[in-house]
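I opened this notebook to record what I looked up in one structure. The entries follow the order in which I asked my questions.

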Amino acid sequence: MPNIVVVGSQWGDEGKGKVVDILAPHVDAVVRYQGGNNAGHTVVVGREKFVLHSIPSGILHPGLRCVIGCGVVVDPADLIEEMEALVRRGIVLDGNLYISRNAHLIMPYHRALDLAMEAKLGDRRIGTTGKGVGPAYMDKAARLGIRMADLLNEPLFREKLEFNLTRKNRSLSEVYDAKTFTVEEILGPYLRYAGWLAPYITDTALLLNRWIANGQSVLFEGAQGTMLDVDHGTYPFITSSSTTAGGASTGTGVPPTKIHGVLGVSKVYTTRVGGGPFPTELRGKMAEALRARGNEYGATTGRPRRCGWFDAVVGRYAVRVNGLDTIALTKLDVLDEFETVKIAVGYRYRGELLTEVPSEERIWNEAEPVYEEMSGWQCSTAGLRDYAELPAKARQYVERLAEVVGCDFCLVSTGAVRDDTILMDGSPLVRWFPSLRGSIPPR
Ligand code: GDP
Ligand code: IMO
Ligand code: MG
């Protein structure tokens with residue numbers, strides 16, 4: 001049974017939650033490998049909407065095992081809140097949720113530092129989600145982090161907390177002029193969280209490898225997107241983890257030799273939340289129209305997302321750095337009303353034509369998109385589930401997208417609801433998961 005990575009091909013919010021939810025019944029486990037509660041993955045089932053932050057989007061499928069891997073940073077208070085909200089809605093977590101012993105904790109001082117650092121950056125601020133994700137990864141790399149397993153060992157947890165807090169308080173008060181913390185105000189709540197989470201904390205790398213050895217299949221759920229990767233993204237306007245497919249191995253302990261394919265998720269246009277380069281960004285009426293039709297507001301922070309045309313330079317790059325086998329295209333219906341639709345096929349920089357993503361911030365900032373313009377289809381594709389039903393112009397648009405990024409698509413999403421999906425015959429996706437065929441009910 002194949003083990004497949006699902007990865008965002010743009011700047012996040014591509015619709016990964018929906019895609020993972022569709023694939024979940026056809027795998028044995030879903031694992032998050034990086035990021036934290038900065039993610040907001042939306043799944044719409046009928047009239048019910050769920051937004052997952054730290055828990056894999058497979059959790060809505062009864063009996064499916066969902067794993068928070070070692071590469072994830074976990075805010076225990078937020079996680080418990082998310083768990084309780086799911087339980088209130090009838091989702092069973094016991095026996096289905098596993099949290100890595102090696103996952104690092106997001107501490108209250110990480111959140112405080114995230115906000116304080118952003119405030120100091122002024123115009124250069126990243127526009128983080130403010131969840132403390134960056135500072136938690138800083139401590140992980142600095143070998144100062146506190147892990148899930150430490151939370152279960154009270155004397156060790158206290159010792160690590162005291163050691164860290166002395167330094168963090170100095171930084172908060174002296175560098176950032178921000179409020180400090182006492183050991184007791186963190187220790188009490190965190191020990192309560194430990195009691196709550198203990199039954200779920202385990203050696204997830206061992207479990208995942210055992211399941212795989214037994215022929216079970218694992219789906220790796222990426223958070224954020226390729227262009228937010230700490231190495232491959234638009235540095236420094238990135239998140240602090242390895243969002244690209246390579247992160248699936250380091251973030252779970254499943255070796256690359258056990259991963260069989262990579263599925264990219266891409267909107268048929270582009271959005272970005274927070275600061276940083278975005279060559280195809282639209283302003284004014286067009287941006288507002290895309291935002292309104294696509295409901296482009298952050299699933300985690302509620303911030304309006306920046307909106308723009310599809311960027312094939314970014315698309316090609318995502319195909320290369322992730323080794324995409326196939327792409328799930330989402331939100332086709334959002335473009336239904338536009339008279340024309342555009343695809344950036346290159347950038348113009350000081351008279352030169354660039355066809356690869358720049359590595360320098362200065363070039364990103366000045367790069368002007370070079371567009372191909374196509375005629376829009378101006379009729380509704382919302383909810384269509386058969387490729388042949390799409391208007392010819394919509395088919396021409398998605399086929400041109402596939403051509404310019406150099407990767408075929410396996411799925412076209414035409415609405416937020418689980419079943420508003422077109423599956424492409426003969427794609428790697430249906431080869432990986434033959435039981436997907438016929439799994440989407442006709443309208
Ligand atoms: P993720 O972070 O990649 O999981 O994406 P988000 O959940 O943050 O954002 C995607 C948004 O688009 C969510 O509100 C989804 O419900 C919605 N969505 C997903 N696919 C489609 C689609 O094909 N059409 C429309 N209109 N909405 C979609
Ligand atoms: P999903 O998984 C879109 C962005 C933030 C900010 C930058 C750094 O739902 O696609 P951070 O809080 O991670 O330090 O912020 O990354 N960002 C996202 N943008 N979707 C996300 O997640 C994001 N997670 C972080 O807006 O620009
Ligand atoms: Mg999101």
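**Entry 1. Ligand 2 and its pocket**

In which pocket does ligand 2 sit? I noted beforehand that the model is a predicted one. I then found that ligand 2 occupies the largest pocket.

I next listed the surroundings of ligand 2 and counted 20 residues around it. The closest of these are Lys16, His41, Thr129, Gln224 and Thr239.

I sorted this shell by class. Around ligand 2 there are seven nonpolar, ten polar and three charged residues.

I also asked which domains contribute to the shell around ligand 2. Domain 1 (4-92 + 203-436) and domain 2 (104-200) each provide at least three residues.

**Entry 2. Polar contacts of ligand 2**

I looked up individual atom pairs here. Lys16 has a polar side-chain atom 2.7 Å from an oxygen atom of ligand 2. For Thr129, I recorded a distance of 2.6 Å between a polar side-chain atom and an oxygen atom of ligand 2. Val273 takes part through its backbone: one of its polar backbone atoms is 2.9 Å from an oxygen atom of ligand 2.

How much of the area that ligand 2 exposes on its own does the protein bury? Alone, ligand 2 exposes 540 Å², and the protein buries 97% of that.

**Entry 3. Ligand 1 and its pocket**

I turned to ligand 1 and found it in the second largest pocket. Its surroundings comprise 19 residues, of which Lys16, Thr42, Lys331, Asp333 and Ser413 come nearest. I noted that Lys16 is named here and also among the closest residues to ligand 2.

By class, I recorded four nonpolar, eight polar and seven charged residues in the shell around ligand 1.

Which helix and which strand each supply at least two residues of this shell? I found helix H1 (16-23) and strand E3 (41-45) in that role.

**Entry 4. Polar contacts of ligand 1**

I wrote down three side-chain contacts. A polar side-chain atom of Asp13 is 2.9 Å from an oxygen atom of ligand 1. Lys331 places a polar side-chain atom 2.8 Å from an oxygen atom of ligand 1. With Asp333, the partner is a nitrogen atom of ligand 1, at 2.7 Å from a polar side-chain atom of this residue.

I then checked the cover. Ligand 1 has 590 Å² of accessible area on its own, and the protein covers 92% of this area.

**Entry 5. Two details of the backbone**

Where is the cis peptide bond with omega near 0° that I looked up? This bond runs from Tyr235 to Pro236. I placed Pro236 in the loop between strand E10 (218-221) and helix H9 (247-250).

Finally, I examined Arg143. Its phi is positive, at about 65°, although Arg143 is not a glycine. I located Arg143 in the loop that lies between helix H4 (133-141) and helix H5 (148-151).

Conventions
Residues are numbered from 1 along each chain as its sequence is written. Chains are lettered from A and ligands numbered from 1 in the order in which they are written. This is a predicted model: local features need pLDDT of at least 70, side-chain atom pairs count only at pLDDT 80 or more; totals for chains, interfaces and linings use all residues. Side-chain values use heavy atoms; hydrogens and water are left out. A residue is near a molecule or strand if one of its heavy atoms lies within 4 Å of it. A polar contact is a pair of N or O atoms within 3.5 Å; within protein, one must be able to donate a hydrogen and the other to accept it, and residues adjacent in sequence count only if both atoms are side-chain atoms. Accessible areas come from the Shrake-Rupley method with a 1.4 Å probe; for residues, only the protein chains shown count as cover. On a 1 Å grid over the protein atoms alone, a cavity is a set of points where a 1.4 Å probe fits but cannot get out, and a pocket is an open set with protein on both sides within 12 Å along at least five of seven lines; lining residues have an atom within 4 Å of a point. A molecule sits in a cavity or pocket if more than half of its atoms lie within 2 Å of its grid points. Helices (H or I, at least four residues) and strands (E, at least two) are DSSP runs, numbered from the N terminus. Ala, Val, Leu, Ile, Met, Phe, Trp, Tyr, Cys and Pro count as nonpolar, Asp, Glu, Lys and Arg as charged, and the others, Gly among them, as polar. Domain bounds come from an automatic or database domain assignment.
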